[in-house]
Amino acid sequence: MKILIVVEELVSVVLTPFVLRFSLPACGPAIIDFFREFTVHVDGRGYVCSFAGFNFERHGNVKLGAPTQIQDKRMISNEGKMEKSFLNFKVY
């Protein structure tokens, strides 16, 4: 088992640059657009992803009771992940 894990790690070190070389250029504009649209500045923390700020008006899922009117699926948290994460922080 340990030998298999070592071999997998070595192969991944060799193959990762090739995967990034051929797949990343096609995804680059989408990644940059995501950072441009979803990065906000928060005093005391700096620049963070807007989903991390638990902004339910901007990213909340209406199906889970968030007070939002946004219909753009890119702006809404997938499967209520943000709401579930918020509740998890409140419980613990």
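**A tour from the nonpolar patch to the hairpin**

Start by selecting Ile3, Val7, Val11, Val13, Val14, Leu15, Phe18, Val19 and Phe22: together they make a nonpolar surface patch with about 930 Å² of accessible area. Keep in mind as you look around that this is a predicted model.

Now narrow the selection to Val14, one of the patch residues. Val14 sits in helix 1, so colour residues 2-38 to see the element that carries it. Is Val14 buried or exposed? Its relative accessibility is 51%, and because exposed means over 50%, Val14 counts as exposed.

Next, zoom out and switch to a cartoon view. You should find 3 helices and 2 strands, and following the chain along its sequence gives the order α-β-β-α-α.

Move on to the strands by selecting residues 39-42 for strand 1 and residues 46-49 for strand 2; the two pair in the antiparallel sense over 4 bridges. For a closer look at this pairing, show His41 and find Tyr47 of strand 2 standing opposite. Then go to the turn: the two strands form a hairpin with 3 residues between them. Which residue in the turn has a positive phi? Pick Gly44, where phi is about 90°.

Finish with the whole protein and turn on the surface. About 7700 Å² is exposed, with carbon and sulfur atoms supplying 66% of that area. Of the 92 residues, 18% are buried. If you display contacts, take those with a separation of 6 or more: 23% of them come from residues 24 or more positions apart.

How values were computed
Residues numbered from 1 in each chain as written. Predicted model: local features only at pLDDT ≥ 70, side-chain atom pairs only at ≥ 80, totals over all residues. Heavy atoms only, no water. Patch = residues over 30% accessible without salt bridge, like charges linked within 9 Å, V, L, I, M, F, W, Y side chains within 5 Å. Areas by Shrake-Rupley, 256 points an atom, 1.4 Å probe, with all protein chains shown as cover. Salt bridge = Lys/Arg side-chain N within 4 Å of Asp/Glu carboxyl O. Buried < 20%, exposed > 50% of the residue type's maximum accessible area, 1.4 Å probe, protein only. Contact = heavy atoms within 4.5 Å. Pairing = 2+ DSSP bridges.
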